[in-house]
Amino acid sequence: MAVWHAPGRINLIGEHTDYNDGFVLPMALPMGCTTSVEDADDGWSVVSAQASGTVTVAPSGLADREQVPEWATYVLGALWLLHDDGVDVPPLLISVDSDVPTGAGLSSSAALVCSVVCALDEHLGLGLDPSGLLSLSRRVENDAVGAPTGGMDQLVSLRGEVGHALFCDMRDLTSEAVPFEPAANGLTLLVVDTRAPHRLVDGEYAARRRGCEEAARLLGVRALRDVTDADEAVSRLDDEELQRYVRHVVTEDARVLAAVEVLRAGRIDALGPLFTASHASMRDDFRITVPDVDTAAETLLAAGALGSRMTGGGFGGCVIGLVPSDGVNAAGEAVRRAFADAGHGEPALFTAEAAAGARAVTGL
Ligand code: GLA
C-alpha cells in the first residue's frame, strides 16, 4: 500500500498567466488530500471519505471509459491514461480523503489528482521523475476531466515548500522557492472564502483562454508571455475585449516578477500594492471577479490590509489580504459585516501559511 498527501494552494499573484506561458507565484496550503492505493481482487475501485458508495470500473483506456461521478474521474483519470500509455495496471482500491473545500478556488482538484498520481507512482513502481509526475497530473485534469487549466495548481501541489512561495516559469516549468513568511514581519495572510461557487469547467475560463490564444495569434507571438510592451500590443488589436485580456496578462506577468523581487529583498510589505493592482486588473481588464469577491477585497483594504486580491480562476472563490497581524480579527469582522450588509452569503475566514508539497505518508 502507498499513501501520499498533496496540498491545495493559494496563488499569491499571477492569475491566468500560466496558460499564457507566463509567471505565477503560488504557495501550498496545509490542507490537502490523502490518498492510499492498494491491491484489490477485481477492477479499479475508488472510495472517497467525502462521497458515499464505492465506484468500481473495469480496466480500460480513456476512449472506452465508463461513466462515473465527476469526482471519480479525477482519480480514475490517471488509471485510464496509464492504461493508454501501455502500463499494465492491476486491480486496485484507491481511497481518498480531502479537507480542501471544493469550489473555493483552492485547488481541491490538484490536491486530489496529485496525491493519486504520487501514490500510484510509488505503488506501481512507475519511477516518474518530477516532470513526469507533473505531466501525468496535468493530463488527468486536461484530458480525462476536460478542464482546460494551465498547470500552476499541479506544479505547486507537487513542489511547494514550507515557508516559501513557488516562483514558476510556466513555459519551461522550472520553479524556485522564494521565502514567504508574513508572520516574521508582523503580517498575516488572511483568506476570505466568499463561498460564491466557482467552476473551472464552466465556459468563462475556457473563453478567457481562447481569447488569449487568439490575441497571441493576431500579435504573431507564441504566447502572450512574449509580449513585452502592453500598450504597443494593444494598439495593434481592434477587438476591445482582446485588448483588455492582453493588458491584464502582460501587466500581471510584470507584477509577478516585481513580487518575486520584493520577496527576495525581504520587503514583504511591498507585496501589498501589487496585490491590489492585480485585483483591479482582474476586475476591470480580465473581468473575472464577482460582487462578493470585490466586496471582500475592498473591505480588507478599508480595514487596514496592505493589499488584497482574488486568488484562483475567478467568478467566485477566495480573496487574500496581507493584514497586520494585530488587525486580523477586526478585518475579519469587517468582512462579515460587509457581506451581511450587501446581502452576500456568509463567508468563511482563515489564515494561511505556506506548507509543503506532495509527500509520502508513513507510519499509518
Ligand atoms: C485555475 C487553473 C490554473 C490557473 C488559475 C488562474 O486555478 O487551474 O491553471 O489558470 O485558474 O490563474
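**Where the ligand sits.** I started with the ligand, and the space it takes up turns out to be the largest cavity. I'm keeping in mind that this is a predicted model.

**The cavity itself.** How many cavities of 30 Å³ or more does the structure hold? I found one. I then looked up the volume and got about 120 Å³ for the largest cavity. Its lining counts 13 residues, and those closest to the centre are Asp 18, Met 152, Asp 153, Tyr 205 and Gly 313. Sorted by class, I get three nonpolar, six polar and four charged residues in that lining.

**Around the ligand.** Next I turned to the neighbours of the ligand: there are 15 residues around it, and Glu 15, His 16, Asp 18, Asp 153 and Tyr 205 come nearest. By class I noted four nonpolar, seven polar and four charged residues in this shell.

**Polar contacts.** Which side chains put a polar atom 2.5 Å from a ligand oxygen? I noted Asp 18 for one, and Tyr 205 also has a polar side-chain atom 2.5 Å from an oxygen of the ligand. For Glu 15, I read 2.7 Å between an N or O atom of the side chain and a ligand oxygen.

**How covered is it?** Taken alone, the ligand would expose 310 Å², and I see that the protein buries 99% of that.

**Names to remember.** Asp 18 and Tyr 205 turn up in my notes on the cavity centre and again among the residues nearest the ligand. Asp 153 is also on the cavity-centre list and on the ligand list.

Technical notes: Residues numbered from 1 in each chain as written. Predicted model: local features only at pLDDT ≥ 70, side-chain atom pairs only at ≥ 80, totals over all residues. Heavy atoms only, no water. Near = heavy atom within 4 Å. Polar contact = N/O pair within 3.5 Å; in protein donor to acceptor, adjacent residues only side chain to side chain. Areas by Shrake-Rupley, 256 points an atom, 1.4 Å probe, with all protein chains shown as cover. 1 Å grid on protein atoms, 1.4 Å probe; cavity = no way out; pocket = protein on both sides within 12 Å on 5 of 7 lines; lining within 4 Å. Sits in = over half its atoms within 2 Å of the grid points. Nonpolar A, V, L, I, M, F, W, Y, C, P; charged D, E, K, R; others polar. Points joined across faces, edges and corners; volume = space filled by probe spheres on them.
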